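Ready for some practice in reading a protein model? Take your time with each task, and try it yourself before you look at the solution.

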Amino acid sequence: MLKYQSIKSTLLTKASILFGCLVLTPGISSSQSYSNPLIIPPLLTGVNFSLSFAPSTHQFYPGINTSTYGINGDYLGPTLVFNKGDSINISVLNNLPEITSCHWHGLHVPACADGGPHTTINQGETWHVQYKVMNNAATYWYHPHVHMTTQSQVTAGLAGMIIVKDSVESQLSLPRTYGVDDFPIIIQDRKYSISGQFLAYGLGDSMLVNGTALAYLNCPRQMVRLRLLNGSNARVYKIGFNDQRNFDVIGGDGGLLSQPYSTNRILLANGERAEIVVDFTGDVVGNQIYMMSYGAEMATNIPGAITGGMGGNGPLEAVNFKLFELDVVPQLPNPVTTIPVNLVAQNSWNPGSASRIRNKTISGMGSVNGMGNFLMDNTSFDMAVFNDTVQLNDIEIWNVTNNSNIAHPIHLHDVQFNILSRNGVQPPPQEAGLKDVFLVSPGETVSLITRFEDFSNDTIPYMYHCHNLAHEDMGMMLQFIVVNNTSGISNQIQREQIHIFPNPSTHQWKVQLGNINLDDSGIELLDFQGRKILTTFFFNEEENGFLINNADFSQGVYFLKISDKSKVYISKLIKI
Ligand code: C2O
Ligand code: CU
Ligand code: CU
């Protein structure tokens, strides 16, 4: 295929950014040329991985240097390939001018390895994390998860794909040669300033795929697997092709489906993944199609189809627009030309064996971009409050009801779950497998079931939150701990009993204990990974309290754990 860069369209693009006119990838009528080869992030394989987060710049449009954050590069990060069952070691170096963290979205890992807002990496520091890969073959991702700055850091470019492989998936005749017939497709919209810098904002005005603006991808005349990841801050996509062809959805967030599901549209909310297989065997070489988002077909309360004050007036709202171009090229040796009728048998949890049902309500009125008062459980995020305590190995049903004015993508850490129903009705086929994110629309109740297995930790919580990053940063995030009562740890966490000031502090914390009787107490100071760092304290009986000198501590999160006969009290301390 001969591709050329149209000088005219380049100049127009440049001009439109410079004049602050934000129409970079307008609707299907666009005459812009998709002339940039789709960037394929490099692969990292094996059991030892090293990632370096650092500032950089990248030209998304010719002649315009956009400041970015990258992982081992300019923008986004390498694709990590993990084999189920492997124990892996990852080092994450923070060379950014700010604190960060690295969360393994969708992976079932111990709370101390999860990379949430409690497990931050200071500037100049390296986080060494080890865990065993326990998830099924599927597409996952990694991104920072720092309270209040997740959206700005992801916008700048911190995110990457994870491909988990296992012995079940590898038996199936599916395309799986990375960059040849199996492609990562990381979909992100971006909003630019007049000088072409990213604005950390919910909805963007132009598209990037794998960090490529106006991208094309050569697809051989055979079955091609696309691993779709909605890595956008707030926009939901309704994916299809401009020739309205069907494609097979073979997998969702946490694994392959039992059977391929043929459709010409798939809704993809923030954080969600879908693996699709597109059949090019009947195409002629030279055929060009576009992957589209059919925003005009989405319900008008879904971010991306909301116009006016609640969604913004950007050029991509409630319209159909191109994501990238697919160019058909000749078939390769040993092509996959058909895919199996059966994929992976599913076994779900039995609702009858659930020990607990939690009802979670989303309330408030607001905008896609983070204005308003959206809340989960009428509670805003507080790092020091564990909102839910789950007993290890319990099966639970969570009913999430949206009483707010717009749809929200809800994500749980730690677990993969099954969606039992949407408003009492079976979910669509694309949601029949394991999931970790789901969109819940106004007036809708989504019921999920899962089992909280393997990992308990009474000091480090897992998050559950809205994956609209503007909403997450504004506090639409709560936390649960998984406890193992049989080991004698109480699930009564009452931080109200413990008064700490100042907190955060720079040199000392003064701790006063309410009505905790210390006669039989054990006091420990733990770091964020649960390691004991102080066990001796000088107690002042009159004040029923003590001082902790933290002048020499490194910045970050600590936990004060006080145990008496029947309870464990845990408070979070922050050193700045
Ligand atoms: Cu994609 Cu809480 O994360
Ligand atoms: Cu996650
Ligand atoms: Cu939300």
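Here are three exercises on this predicted model, each with a worked solution.

**Exercise 1.** Find which residues coordinate the copper ion (ligand 3), and work out how they are spaced in sequence.

*Solution.*
- Step 1: Look for the donor atoms. The copper ion (ligand 3) is held by ND1 of H408, SG of C466 and ND1 of H471, at 2.0 to 2.1 Å.
- Step 2: Turn to the sequence. The donor residues follow the pattern H-x57-C-x4-H.
- Step 3: Locate two of the donors. H408 is in strand β27 (residues 408-412) and C466 is in strand β31 (residues 462-466), so this pair links distant parts of the chain, 58 residues apart.
- Step 4: Check exposure. Buried means under 20% relative accessible area. H408 has 0%, so H408 is buried; C466 also counts as buried, at 0%.

**Exercise 2.** Decide how the rings of Y237 and F321 are arranged: stacked or edge-to-face?

*Solution.*
- Step 1: The structure holds 25 aromatic pairs.
- Step 2: In the pair of Y237 and F321, the ring centres are 6.4 Å apart and the planes meet at 75 degrees. Planes over 60 degrees apart count as edge-to-face, so this pair is edge-to-face.
- Step 3: Y237 belongs to strand β16 and F321 to strand β22, so the pair ties together parts 84 residues apart in sequence.

**Exercise 3.** Find which ring lies under the charged end of K360.

*Solution.*
- Step 1: Start from the charged end of K360 and look for a ring. That ring belongs to W398, with its centre 5.5 Å away.

Notes
Residues numbered from 1 in each chain as written. Chains lettered and ligands numbered in written order. Predicted model: local features only at pLDDT ≥ 70, side-chain atom pairs only at ≥ 80, totals over all residues. Heavy atoms only, no water. Donors = N, O, S within 2.8 Å, 3.2 Å for Na, K, Ca; no water. Helix = DSSP H or I, 4+ residues; strand = E, 2+ residues; numbered from the N terminus. Buried < 20%, exposed > 50% of the residue type's maximum accessible area, 1.4 Å probe, protein only. Phe/Tyr/Trp six-rings, centres within 6.5 Å; stacked < 30°, edge-to-face > 60°. Lys NZ or Arg CZ within 6 Å of the ring centre and 35° of its normal.
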